[in-house]
Amino acid sequence: MITLLKNIECYCPKYMGKKDILIAGDKIFKILNPQSCIVGDEIADIVDCDGLMAFPGIIDGHVHISGGGGEGGFSSRIGKINIEDILLAGITTVVGLLGADNQTKSLKDLLAVAKELEQQGITTFIYSGSYSIPIITFTKDITCDMVIVEKVIGAGEVAISDHRSSHPSIKDLQDLATKTHMGGLISGKAGLVHIHVGDGKFGLNPLNRLVAESDLPIEQFLPTHINRNHNLFEQGMQYAKNGGNIDLTSGEEIGVAVEDAIELLIRNEIDLKRVTISSDANGSNPNGSNPNGGVNRIGTLFKDVINCIVKKNIEPEVVFPMVTENVAKRIKQYPKKGTISEGSDADILILDKEYKIQKLYSIGKLMIDNGNVL
Ligand code: ZN
């Protein structure tokens with residue numbers, strides 16, 4: 001299957017001006033100046049994209065794809081995510097994970113949902129583990145999980161500074177990070193330790209100590225929910241200044257909203273290459289007054305990205321890397337993912353001038369057309 005997207009404003013995510021994008025099968029084959037590619041409509045599906053903009057498909061690095069456990073008893077358990085909701089948020093790649101509940105939610109179920117979503121047309125990865133240390137694994141060993149379970153890219157979300165965590169010692173965290181690091185080296189994967197930081201009084205202190213007291217590379221850690229309260233956000237900015245990567249959570253209503261957080265990061269001259277945003281979708285939200293009924297929604301990610309552009313006047317090429325290129329680099333999938341480049345997977349999000357989703361290609365396949373899931 002060959003598709004030619006003609007005359008489209010290209011954000012790769014850096015702005016490249018108007019281009020023609022030639023998709024062959026599941027890859028971006030060529031990016032050309034407009035009118036320089038002559039292909040007959042008997043060979044290619046030719047799509048006139050005048051007035052439209054192309055971005056890389058969004059990568060959501062933190063999704064409870066099999067559902068969170070809920071924190072109000074069995075009836076509050078959350079179900080698995082729908083492919084339609086993922087696509088309607090402009091997302092073509094997700095990283096699935098378990099949270100607080102590793103009793104009624106299992107890694108095998110998580111892997112099964114990841115494979116199901118892949119069969120439905122998107123790209124998926126997972127973390128082994130949950131909030132607790134010792135972490136749960138497929139093989140009783142995180143290094144081994146990474147070597148033999150293809151979708152496992154690291155350990156997460158391991159909780160610190162939270163009453164729901166296992167209150168791990170620095171030594172516990174260091175042992176886990178060492179094994180995950182080795183798994184990454186042997187398998188060629190990211191080897192990330194994805195850390196849930198709660199509202200607890202120590203904030204990022206355990207992670208700061210771990211980095212200071214070990215030889216582990218700081219890039220191996222990705223703390224998330226950094227915008228959940230103002231103190232943690234201040235700590236997060238300092239952590240990023242020290243060379244660490246941070247992840248914000250979309251849909252934040254109590255702490256620092258994503259658009260305010262990005263504005264503050266820019267004002268404080270934080271290197272935005274260190275920043276990613278994820279949705280925490282289908283995880284339980286312990287705040288009972290949450291209008292979403294205690295569940296984080298995946299659509300908040302796209303909404304927050306557009307809020308940054310529309311409400312805060314931040315350029316799309318500044319905002320989009322935080323949900324595309326930067327995430328792909330964190331999970332070691334760049335430049336296969338997270339960019340519109342020749343040879344990359346054809347994951348392309350097409351928006352109109354009002355930033356409404358018109359089309360979405362995932363691995364070369366049209367999944368949304370005229371705003372509707374196919
Ligand atoms: Zn979390």
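The legends below describe close-up views of a predicted model.

**View 1. The zinc ion and its protein donors.** In this predicted model, the zinc ion has as its protein donors Glu157 through OE, His196 through ND1 and His225 through NE2, which lie 2.0 to 2.3 Å from the metal. Along the sequence these donor residues follow the spacing E-x38-H-x28-H. Because Glu157 belongs to strand E9 (residues 152-160) and His196 to strand E10 (residues 192-197), this pair ties together parts that are 39 residues apart in sequence. Glu157 and His196 are both buried, a term that stands for a relative accessible area under 20%.

**View 2. The largest cavity and its lining.** When the whole structure is searched, two cavities of 30 Å³ or more are found, and the largest cavity holds about 50 Å³ of space. Its lining is made up of Gly61, His62, Tyr127, His194, Leu222, Asp247, Thr276, Ser278, Val327, Arg330 and Ile331. Strand E6 (58-63), strand E13 (275-278) and helix H10 (325-330) are the elements that each contribute two or more residues to this lining. By residue class, the lining of the largest cavity consists of four nonpolar, five polar and two charged residues.

**View 3. The cis peptide bond before Pro13.** Between Cys12 and Pro13 the peptide bond is cis, and its omega angle is near 10°. Pro13 sits in the loop that runs between strand E1 (2-11) and strand E2 (15-24).

**View 4. The loop between helix H10 and strand E14, with Lys332 and Pro335.** Lys332 is located in the loop between H10 and E14, and its phi is near 60°, which is a positive value in a residue other than glycine. Pro335 is also placed in the loop between H10 and strand E14 (348-351), where the peptide bond that joins Tyr334 to Pro335 is cis, with an omega of about 5°. Helix H10 (325-330), which precedes this loop, is also one of the elements that give two or more residues to the lining of the largest cavity, and the lining includes Val327 and Arg330.

**View 5. Ile363 in the loop between strands E15 and E16.** The position of Ile363 is in the loop that lies between strand E15 (357-362) and strand E16 (365-369). Ile363 has a phi near 45°, a positive value in a residue that is not glycine. With a relative accessibility of 28%, Ile363 counts as partly exposed, since that class lies between the 20% limit for buried and the 50% limit for exposed residues.

Methods:
Residues are numbered from 1 along each chain as its sequence is written. This is a predicted model: local features need pLDDT of at least 70, side-chain atom pairs count only at pLDDT 80 or more; totals for chains, interfaces and linings use all residues. Side-chain values use heavy atoms; hydrogens and water are left out. On a 1 Å grid over the protein atoms alone, a cavity is a set of points where a 1.4 Å probe fits but cannot get out, and a pocket is an open set with protein on both sides within 12 Å along at least five of seven lines; lining residues have an atom within 4 Å of a point. Grid points are joined across faces, edges and corners, and a volume is the space filled by probe spheres set on the points. Helices (H or I, at least four residues) and strands (E, at least two) are DSSP runs, numbered from the N terminus. Ala, Val, Leu, Ile, Met, Phe, Trp, Tyr, Cys and Pro count as nonpolar, Asp, Glu, Lys and Arg as charged, and the others, Gly among them, as polar. Donors are N, O and S atoms within 2.8 Å of the metal (3.2 Å for Na, K and Ca); water is not among the atoms, so sites may look incomplete. Buried means under 20% relative accessible area, exposed over 50%, partly exposed in between (1.4 Å probe, protein chains only).
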